[in-house]
Every structure is written in structure tokens, then in C-alpha cells.
Amino acid sequence: AEYQAGRTPNPCIRCNESIKFSAVLNKARGLGFDAVCTGHYARIENDQAGGLVLKRGVDPKKDQSYVLGVLSEQDLSQSLFPLGDSTKDQVRREASERGLLVADKSDSYDVCFIPDGDTGAFLRSELGDQPGDIVDESGAVVGEHQGAFAFTVGQRRGLALGDPADDGRARFVLSIEPINNKVVVGPRESLAVQRLDLETAIALKDVDPDGIEVQWRAHGSPAAARAVINDHGVVDAVELRDVAYGIAAGQELVMFVGDRVVGSARIRSAAR
């Protein structure tokens, strides 16, 4: 449904929010268990006020605090992440020493219910072909597609454009228009954004709004930003210190101070 609406969802975050740390945790509570323990690379620590905070795992290459950023303090109070203080190499070494068969298992980066990694094929099987036009910024038709849902903002590969750009430069997906079933493409500089408007945002507690970092991809680099707080004390936008490219509506934005998660929200739109 999110792809059909021209947005780019993160199913792993929705799963953590609604299944692993909602349905599973609720079931565990009902059965009398103290906590749910997972293999995520993140840490849970006490803050100075006696509450619980989520922090990045010590292995920066495997840190999964981004996909856990939606968890509430109540969720954290009944969760355990024992791998957060270890690197993946250390975990593999211990697994090998203990004779576990998964010690050398390859890392997986695919959505679990799309094991071959072909998200476009999965969406077509669910939604069917929906042919439409690929247009440039002037509205001129430069190609065709079998479903706008198979594209995401910032995409460069797989566009199969019939007409090259006049200047010969690569073109990227700039926007997806689900109402008229069009995909708009153009040069990379047209992807430049610096303000991200948010939905489902939360209030920041004891945080300098001018001193946060934000991350909008699971393995992306954090970017310095300023939180824009509305009259109700809720963050409804962030302004990036530097221009960024290829940010899509529907992606999750997780806010950090140092290695500590301080909030999360879904991106409603990105302003050029």
C-alpha cells in the first residue's frame, strides 16, 4: 500500500514496531516471561534520570539502532540485546568455538519475505502491471514503466529510458505521482533537499534541538540537523545542515544525540 501511494516504506521498522516488539512481546508478557531477547546489534542503558535509552551497538558496521528507533521505553524495559556490546567478528568467533552451524552463515540484507531481493517482482505479483509514462521535469515522455510502485526517489538504475538526456548525463527518479501513474526523472541536483517534514513525530525530552543528528537509512551516515518544534512541543520537521540527495517520503527518520536515540518519525515530504 505504501509503494502504491508513491512512498518508500521500511518493512523492517514496521515489523519491529508491530510484530517483534508488539505481538511477540505481548505474547511473552501473557505467558509470564520477563523479556524478549533478540540478536540486534544495539544497546539498552539507563539514563541519568533513571529511565532507559536505546544506544548504537559498538560495531558501527552492524549497528541496528536505526531499525529499533521506534521502540518505546516500555518496550525497552522488557527487551534484551546481548550482542550490542560485541562486534560481528567476535560473535562469529564465539559461535565457531561453540560449534554452532551458523557461525559462517552469510549476512542477509534482504527483506525476509522477499528472499531473492526482487522487491519489484514481489510488488507486481501483489499489485499487477500498471503501465504508465516516465517523464522529465518539463513533462516530456522519455520512457514507460509497468508500475510506478516499483520505483523510489533517488533511483538511477533500471529506468530503461528510451530518450537520453540532451546533455548525456544520468537521470534519477525525482518523484512518483501515483494519481496519474507517472514517474518523474531528472538530474541529480534536482534531488537536493534540506528540509524534511515529518509525521508521527514525538517530543524531544532534554535535548538541544540545534544539536541532533538524523539518519534516514538503516546503514546510512548520520547528518547534522536542527529539529523544528511546533507550538505543541512536537518535532514536525528537521532542517539539515548540509544538502542531501534522494530522500523519499515514507522513509523513517531516526534522531540521535551522540550514540543515543532520542526520537523517530516518518518522513512526509522533502523540500528542495
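**Exercise 1. In which loop is serine 190 found? Work out its setting.**

This is a predicted model.

Step 1. Locate the residue. Serine 190 sits in the loop between β8 (182–186) and β9.

Step 2. Decide whether serine 190 is buried or exposed. The cut-off for buried is under 20% relative accessible area. Serine 190 has a relative accessible area of 13%, so it is buried.

Step 3. List its contacts. Set aside the neighbours within four places in sequence. Serine 190 then contacts Glu137, Leu174 and Arg272.

Step 4. Look at the side chains. Those of serine 190 and glutamate 137 are joined by a polar contact of 3.1 Å.

**Exercise 2. Describe the surroundings of alanine 244.**

Step 1. Find its element. Alanine 244 belongs to strand β12, which covers residues 235–245.

Step 2. Check its accessibility. The value is 8%, and the limit for buried is under 20%. Alanine 244 therefore counts as buried.

Step 3. Find its partners. Beyond the neighbours within four places in sequence, alanine 244 touches Leu191, Ala192, Val193 and Trp216.

Step 4. Set sequence against space. Alanine 244 and alanine 270 are 26 residues apart in sequence. Their C-alpha atoms are 9.9 Å apart.

**Exercise 3. Map the largest nonpolar core.**

Step 1. Start with the count. The largest nonpolar core has 22 residues. Among those with the most contacts inside it are Ile212, Trp216 and Met255.

Step 2. Trace the elements. Two or more residues come from each of β9 (192–199), β10 (212–215), β11 (223–229), β12, β13 (252–257) and β14 (260–271). The top contributor is β12, with 4 residues.

Step 3. Zoom in on one member. Leave out residues up to four places away in sequence. The contacts of isoleucine 212 include Leu204, Val207, Val238 and Met255.

Step 4. Look for another core. A second, separate core has 14 residues, including Ile13, Ala42, Val254 and Phe256.

Step 5. Add the general rule. In soluble globular proteins, nonpolar side chains tend to be buried together.

**Exercise 4. Characterise the second largest pocket.**

Step 1. Take the volume. The second largest pocket holds about 610 Å³ of space.

Step 2. Find the centre. The pocket is lined by 25 residues, and the closest to its centre are Leu52, Val53, Lys205, Val261 and Val262.

Step 3. Assign the elements. β3 (52–56), α2 (73–77) and β14 each give two or more residues to the lining. The largest share is from β14, with 5 residues.

Step 4. Sort the lining by type. It divides into 14 nonpolar, 6 polar and 5 charged residues.

Note on methods:
Residues are numbered from 1 along each chain as its sequence is written. This is a predicted model: local features need pLDDT of at least 70, side-chain atom pairs count only at pLDDT 80 or more; totals for chains, interfaces and linings use all residues. Side-chain values use heavy atoms; hydrogens and water are left out. Buried means under 20% relative accessible area, exposed over 50%, partly exposed in between (1.4 Å probe, protein chains only). Contact means heavy atoms within 4.5 Å. A nonpolar core is a set of buried Ala, Val, Leu, Ile, Met, Phe, Trp, Tyr and Cys residues joined through side-chain atoms within 4.5 Å. On a 1 Å grid over the protein atoms alone, a cavity is a set of points where a 1.4 Å probe fits but cannot get out, and a pocket is an open set with protein on both sides within 12 Å along at least five of seven lines; lining residues have an atom within 4 Å of a point. Grid points are joined across faces, edges and corners, and a volume is the space filled by probe spheres set on the points. Ala, Val, Leu, Ile, Met, Phe, Trp, Tyr, Cys and Pro count as nonpolar, Asp, Glu, Lys and Arg as charged, and the others, Gly among them, as polar. A polar contact is a pair of N or O atoms within 3.5 Å; within protein, one must be able to donate a hydrogen and the other to accept it, and residues adjacent in sequence count only if both atoms are side-chain atoms.
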